[in-house]
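Here is a short set of exercises to work through with the structure open beside you. Try each task before reading its solution.

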Amino acid sequence: MLVNTIHGEMDESLLEKKEGGFEDGNEKTTWVEYWLDKDLVHRSAHVTLKAPPTVVGEIQEF
Amino acid sequence: MANTQSVCTSFLAEVMQGYHQFGQPSLTSRTSLTSPTNDTFKLALYFSSATLNASTTAYSTTGEVTNTSGSGYTAGGATLTNANTPASTNTTTTAGTGYWTPSASASWTSLTVSTAWNCALMYNSTQGNRAVAVYTFADQTIVAGTFTLTMPTNVAATALLRLATT
């Protein structure tokens, strides 16, 4: 598989792949990085928003 | 049957659709008075150092993400796909939620931004770039990659924009 990098497209086999993620009540995030030696040459991230704040409406009694 | 004081839940969705007009705003024409077109809503990204919050009234380039290299991000952000009609649902006789979520994710490809960002502003680009909502998430950086914001499920409990009564 070819990976888009700062050096152009490179074969994935030439790169070190790292994956990770983060999750809390607000979001679920995953990311993937490709490294060439000690250089980060690609990083993508995917954020899924879970439940953004609600706007609450109220009415006033007479 | 007793009467119960409450904001009507259907009103919450109808506000999002523009059924009710309390004031006399200067609007950009929606082509027809009786069958108006959708406004265009966009999502712009902001650096973690920006100061967007509830007092934000309109889209601004101040603090907006800029490319470290390349042209993956364009000022103004991405247009949100607006194929979902706002809906509403009651949970009790006094509580309900009107809600709406864009019908597709927002995505930026071939992106390189090395300064961290953690914020997205949804705004109405048809009506003077008026602000709708500010969303935050963990700091992000992208190198020659793709940044995708997947929308939450379009139901009352999780939709991207929710107006509720309690």
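A strand here is a DSSP run of E of at least two residues, a helice is a run of H or I of at least four, and both are numbered from the N terminus. With that in hand, chain A reads β-β-β-β-β-β along its sequence. Please keep in mind that this is a predicted model.

**Exercise 1. The outline of chain A**

Task: Work out how many helices and strands chain A has, and what its radius of gyration is beside that of a compact globule of 62 residues.

Solution:
- Step 1. Count the elements: chain A has six strands and zero helices.
- Step 2. Take the radius of gyration, which is 20 Å for chain A, against near 11 Å for a compact globule of 62 residues.
- Step 3. Look at the box along the principal axes: the C-alpha atoms of chain A fill roughly 70 × 20 × 20 Å.
- Step 4. Turn to burial, where 21% of the 62 residues of chain A count as buried.
- Step 5. Finish with the contacts of chain A between residues at least 6 apart in sequence; 20% of these join residues at least 24 apart.

**Exercise 2. Two hairpins in a row**

Task: Trace how strand E4 of chain A pairs with strand E3 and with strand E5.

Solution:
- Step 1. Start with E3(A), residues 16–23, and E4(A), residues 27–36: they pair in the antiparallel sense over eight bridges.
- Step 2. Find the link, a hairpin of three residues that joins E3(A) to E4(A).
- Step 3. Pick out a facing pair: Lys17(A) stands opposite Tyr34(A) of E4(A).
- Step 4. Move on to E5(A), residues 39–49, which runs antiparallel to E4(A) and is joined to it by 10 bridges.
- Step 5. Look at the turn of this second hairpin, where two residues lie between the strands and Asp37(A) takes a positive phi near 55°.
- Step 6. Check the pair beside the turn: Leu36(A) has Asp39(A) in E5(A) as its bridge partner.

**Exercise 3. The surroundings of one valine**

Task: Decide whether Val32(A) is buried, exposed or partly exposed, and name the residues it contacts beyond its neighbours in sequence.

Solution:
- Step 1. Place the residue: Val32(A) belongs to strand E4 of chain A.
- Step 2. Count its surroundings. Val32(A) has 17 other C-beta atoms within 10 Å, so it is partly exposed; the cut-offs are 20 or more for buried and 12 or fewer for exposed.
- Step 3. Leave aside the neighbours within four places in sequence, and Val32(A) is in contact with Lys17(A), Glu19(A) and Ser44(A).
- Step 4. Add a distance: from C-alpha to C-alpha, Val32(A) and Arg43(A) are 5.7 Å apart, although 11 residues separate them in sequence.

**Exercise 4. A helix face and its cover**

Task: Find which residues of helix H1 of chain B are buried and what covers them.

Solution:
- Step 1. In H1(B), residues 9–17, the buried residues are Thr9(B), Leu12(B) and Ala13(B).
- Step 2. View the helix down its axis: the buried residues of H1(B) fall within an arc of 90°, so they line one face.
- Step 3. Identify the cover, which includes strand E6 (55–57) of chain A along with strands E3 (87–90), E4 (96–100) and E7 (161–165) of chain B.
- Step 4. See what follows the helix: Gly18(B) comes after H1(B) and has a positive phi near 80°.

**Exercise 5. Where the chains meet**

Task: Describe the contact between chain A and chain B, and how E6(A) pairs with E7(B).

Solution:
- Step 1. Count both sides: 27 residues of chain A and 29 residues of chain B take part.
- Step 2. On the side of chain B, E6(B), residues 130–150, and E7(B) each supply at least two residues.
- Step 3. The largest share of that side, 15 residues, comes from E6(B).
- Step 4. Sort the side of chain B by class: 17 residues are nonpolar, 11 polar and one charged.
- Step 5. Now the pairing: E6(A) and E7(B) run parallel over three bridges, and Val56(A) has Ala164(B) as its bridge partner in E7(B).

**Exercise 6. Two positive phi angles**

Task: Compare the settings of Ser110(B) and Ala144(B).

Solution:
- Step 1. Recall that most residues other than glycine have a negative phi.
- Step 2. Ser110(B) is not a glycine, yet its phi is positive, about 45°; Ser110(B) sits in strand E5 of chain B.
- Step 3. Ala144(B) also has a positive phi, near 45°, and is found in strand E6 of chain B.
- Step 4. Ser110(B) counts as partly exposed because it has 14 C-beta neighbours inside 10 Å.
- Step 5. Ala144(B) counts as buried because it has 24 C-beta neighbours inside 10 Å.

Note on methods
Residues numbered from 1 in each chain as written. Chains lettered and ligands numbered in written order. Predicted model: local features only at pLDDT ≥ 70, side-chain atom pairs only at ≥ 80, totals over all residues. Pairing = 2+ DSSP bridges. Arc of directions from axis to C-beta. Contact = placed C-beta atoms within 7 Å. Rg over C-alpha atoms; globule rule 2.2 N^0.38 Å. Nonpolar A, V, L, I, M, F, W, Y, C, P; charged D, E, K, R; others polar.
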